[in-house]
Amino acid sequence: MSAQDIVARFVDALAQRDVDGAMSSVAGDVRVSIAPLHVQGTGSAALRTVLDDLVTAFPDLLLTVQRTIATGDVVTVQLKVEGTQAAPYAGAINQEKHLDLDQAWRFTVDGDAVVAIDAYWCQQQLYRRLAVKRLDQLAIA
Amino acid sequence: MTVTVTRPRRTPETATAVVTEFFDRYRDHDVEAMTDLCSLNADFSYVPFEIWGKQRVLRGDGKVRTVGKTLWRGLINAFPDLTNEVRSVSANDDGDVVVQVDIGGTQQLAWGFAAPTGRAYSEPHLFIFRVGEDGLIDSVTAYWDNAGISRQLGHNEVD
């Protein structure tokens with residue numbers, strides 16, 4: 001299975017809101033860096049929390065892959081995340097707002113597992129769509 | 001006599017080299033030289049760039065020679081010590097180059113809605129380039145977190 005196939009398995013599972021399925025493509029000691037959520041470290045537990053929070057907060061999650069770029073053992077996916085907020089997310093209270101957010105996820109694959117994930121998006125865009133007014137008062141509408 | 005001019009074939013190595021040079025020139029604040037590495041009609045997309053006005057939203061999408069140059073010049077003016085540190089570069093045979101780079105500087109002039117406070121920022125960015133067969137950059141796309149930058153600059157409003 002190619003690096004691109006392994007990443008596609010992860011993304012396809014997440015698009016189905018299947019966190020267990022997505023995590024099956026990930027090494028236990030995966031290195032995770034998601035600056036917008038201040039997540040930086042090693043281990044699949046942090047990644048699982050990120051994915052669980054996403055599918056819980058946006059139960060109608062729609063994930064659309066715009067482009068996949070394979071550069072050796074690195075696979076970068078440009079995608080759009082859409083959904084309607086149904087639970088608190090990243091500190092923002094639920095105001096049932098619609099989210100649409102372009103993101104880029106950079107995966108490093110070794111053998112048959114993802115060993116590193118770096119995810120990039122603009123949290124300011126996310127908060128704007130969820131009707132957050134201030135970065136230092138996330139939970140105040 | 002027939003003279004044949006051959007251009008070097010684009011390879012992952014040559015694509016990486018042109019993108020590395022792009023960031024060297026960016027570090028030197030030489031916007032014209034950055035632009036010279038791009039094709040005449042190169043596409044530009046700074047995905048997080050989004051300014052909401054009363055009647056329209058201004059986005060960082062367009063062409064390198066119009067939107068790109070304007071944003072690069074504005075950023076350098078607002079952050080005169082703007083710099084970058086390339087963390088990783090990966091490329092393929094199709095001319096795609098993916099770059100992890102930290103960009104930062106100290107604010108001296110207004111940038112967007114952020115008033116100058118003299119504070120500095122450094123934020124991870126992901127750049128995705130497409131380098132054409134002629135060795136010039138055909139498209140520039142970038143992702144980063146503006147909330148991270150705003151917090152570091154002391155600007156807490158979600159504009």
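I take two strands to pair if DSSP finds at least two bridges between them. The model I examined is a predicted one.

**Entry 1. The sheet of chain B**

I looked up the strand order first. Chain B holds an open sheet of 6 strands, and I read the order as β2-β1-β6-β5-β4-β3, with mixed pairing. I then asked which strands form the edges. They are β2 (57-63) and β3 (83-91) of chain B, each of which pairs on one side only. From one strand to the next, I found that the twist averages 20°. I kept in mind that strands of a sheet pair through backbone hydrogen bonds, in either a parallel or an antiparallel manner.

**Entry 2. Strand β5(B) and its partners**

I followed β5 (residues 120-131) of chain B towards β4 (residues 96-106) of chain B and found that 11 bridges join the two strands, which run antiparallel. Within this pair, I noted that Leu126(B) in β5(B) stands opposite Gln100(B).

I next turned to β6(B). Its pairing with β5(B) is antiparallel and extends over 6 bridges. Here I located Val131(B), whose bridge partner in β6(B) is Ile137(B). The two strands form a hairpin, with 5 residues between them. I checked the turn and found Gly135(B) there, with a positive phi of about 85°.

**Entry 3. Helices on the sheet**

I asked which strands helix α1 (residues 12-27) of chain B lies across. They are β3, β4, β5 and β6 (137-143) of chain B, and the helix runs at about 170° to β3(B). I also recorded helix α4 (residues 146-153) of chain B, which packs on the sheet and touches β1 (38-52) and β5 of chain B. The direction of α4(B) makes about 155° with that of β5(B).

**Entry 4. The interface of chains A and B**

I asked how many residues of each chain are in contact with the other. The count is 25 residues of chain A and 23 residues of chain B. On the side of chain A that touches chain B, I listed the elements giving two or more residues: β3 (62-71), β4 (74-84), β5 (98-110), β6 (113-120) and α4 (123-129) of chain A. The largest share, 5 residues, comes from α4(A). Sorting this side of chain A by class, I obtained 12 nonpolar, 6 polar and 7 charged residues.

Notes
Residues numbered from 1 in each chain as written. Chains lettered and ligands numbered in written order. Predicted model: local features only at pLDDT ≥ 70, side-chain atom pairs only at ≥ 80, totals over all residues. Helix = DSSP H or I, 4+ residues; strand = E, 2+ residues; numbered from the N terminus. Axes fitted to C-alpha atoms, helices over the stretch in contact; angles between N-to-C directions. Contact = placed C-beta atoms within 7 Å. Nonpolar A, V, L, I, M, F, W, Y, C, P; charged D, E, K, R; others polar.
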